[in-house]
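Student: Please show me the model. I want to know how each label is earned.

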Amino acid sequence: MAFLTRRLLMAPALLILSACGGDGDAGAPESPGTPQSVASALQETSDVPEGAEAISFLGDTLTTPDLPDAVRETYLARYQEAENDLAADPSNVDALIWMGRRTAYLGQYRSAIDIFTHAMTLHPEDARLYRHRGHRYLSVREPSK
C-alpha cells in the first residue's frame, strides 16, 4: 500500500518534470500544447503571417476579430474621437492611451503596441502605458515582452 501511495504522489512531479523538456525526447515530434510547441509559438513577430495579429499558443493564426456592424460603427466613431483628441494635443498622455485603446478595440493590437511604445518615449514614468502595452502583448501571445 505504501508503494502505491508513493507512486501516486510521484505522478504529478513526473508529469511536471516531463513538461519541462529534456534531452530524452530531443528527436520526438512536437504536438500542439507541448512546451516545445508553445515556445515555438512565441517567436518574434516576423513569423506572423501577413494579415494576422498573432500565432496562438497552439500554433493557430489569430486575426482581427469580426465585430457586429453596430459595434464596429461605435468603435470607429470613438476611434475618430480619440484621433481628434490626439491631433489637438499629440503629447497628451491620456489622449495617447485612448488612441492605443481604441486601436486595440478594433483588433489592431500591434498598432496599439506601437502607439503605447511611442507614448512611453514621451512619458517613461507613466505606469499606465506599460500596463496597456503589456496587455496588448498578451493579446498577441508574446508574454515575455
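Tutor: We will take the labels one by one and set values against cut-offs. This is a predicted model, where local features need pLDDT of at least 70, side-chain atom pairs count only at pLDDT 80 or more, and totals for chains, interfaces and linings use all residues. Residues are numbered from 1 along each chain as its sequence is written, and side-chain values use heavy atoms, with hydrogens and water left out.

Student: How many helices and strands are in the protein chain, and what makes a run count as one?

Tutor: The protein chain has six helices and two strands. Helices are DSSP runs of H or I with at least four residues, strands are runs of E with at least two, and both are numbered from the N terminus. In sequence order the pattern reads α-α-β-β-α-α-α-α.

Student: Why is the pair R128 and D94 called a salt bridge?

Tutor: The definition asks for a side-chain nitrogen of Lys or Arg within 4 Å of a carboxyl oxygen of Asp or Glu. The closest N and O atoms of R128 and D94 are 2.8 Å apart. That is within 4 Å, so the pair qualifies. The general idea is that side chains of opposite charge can pair when their charged atoms come close.

Student: Where do R128 and D94 sit in the chain?

Tutor: R128 belongs to helix α6 (residues 127-139), and D94 to helix α4 (residues 93-105). The two are 34 residues apart, so this salt bridge links distant parts of the chain.

Student: How many salt bridges does the structure hold, and which others can you name?

Tutor: The structure holds four. Among them, D126 meets R128 at 2.8 Å, N to O. Another joins E142 and K145, with the closest N and O atoms 3.1 Å apart. Salt bridges with shared partners join D94, D126 and R128 into one network.

Student: Are these partners buried or exposed, and how do you know?

Tutor: Buried means under 20% relative accessible area, exposed means over 50%, and partly exposed lies in between, with a 1.4 Å probe and protein chains only. D126 has 16%, so D126 is buried. R128 has 36%, so R128 is partly exposed. D94 has 40% and is therefore partly exposed.

Student: What are the values for E142 and K145?

Tutor: E142 has a relative accessible area of 3% and counts as buried. K145 is at 42%, so K145 is partly exposed. E142 is found in the segment after α6. The C-alpha atoms of E142 and F57 are separated by 9.5 Å, with their positions 85 residues apart along the chain.

Student: How much of the protein chain is buried?

Tutor: Buried residues make up 27% of the 145 residues.

Student: Why are α5 and α6 called roughly antiparallel?

Tutor: Two packed helices are described by the angle between their axes and the distance between the axes. Axes are lines fitted to C-alpha atoms, for helices over the stretch in contact, and angles run from 0 to 180 degrees between N-to-C directions. Under 35 degrees counts as roughly parallel, over 145 as roughly antiparallel, 65 to 115 as roughly perpendicular, and the rest as oblique. Helix α5 (residues 109-122) and α6 pack at about 155°, with axes 9 Å apart. The angle is over 145, so the pair is roughly antiparallel.

Student: Which residues make the contact between α5 and α6?

Tutor: Contact means heavy atoms within 4.5 Å. Residues of α5 in this contact include Y109, F116 and M120, and those of α6 include L129, Y130 and R136. The contact residues divide into nine nonpolar, three polar and two charged. Here Ala, Val, Leu, Ile, Met, Phe, Trp, Tyr, Cys and Pro count as nonpolar, Asp, Glu, Lys and Arg as charged, and the others, Gly among them, as polar.

Student: What does Y130 touch?

Tutor: Not counting residues up to four places away in sequence, Y130 touches M120 and P124. The C-alpha atoms of Y130 and M120 are separated by 7.6 Å. Y130 has 40% relative accessible area, so Y130 is partly exposed.

Student: What makes R141 worth a look?

Tutor: Phi of R141 is near 60°, a positive value in a residue other than glycine. R141 lies in the segment after α6. At 27% relative accessible area, R141 is partly exposed.
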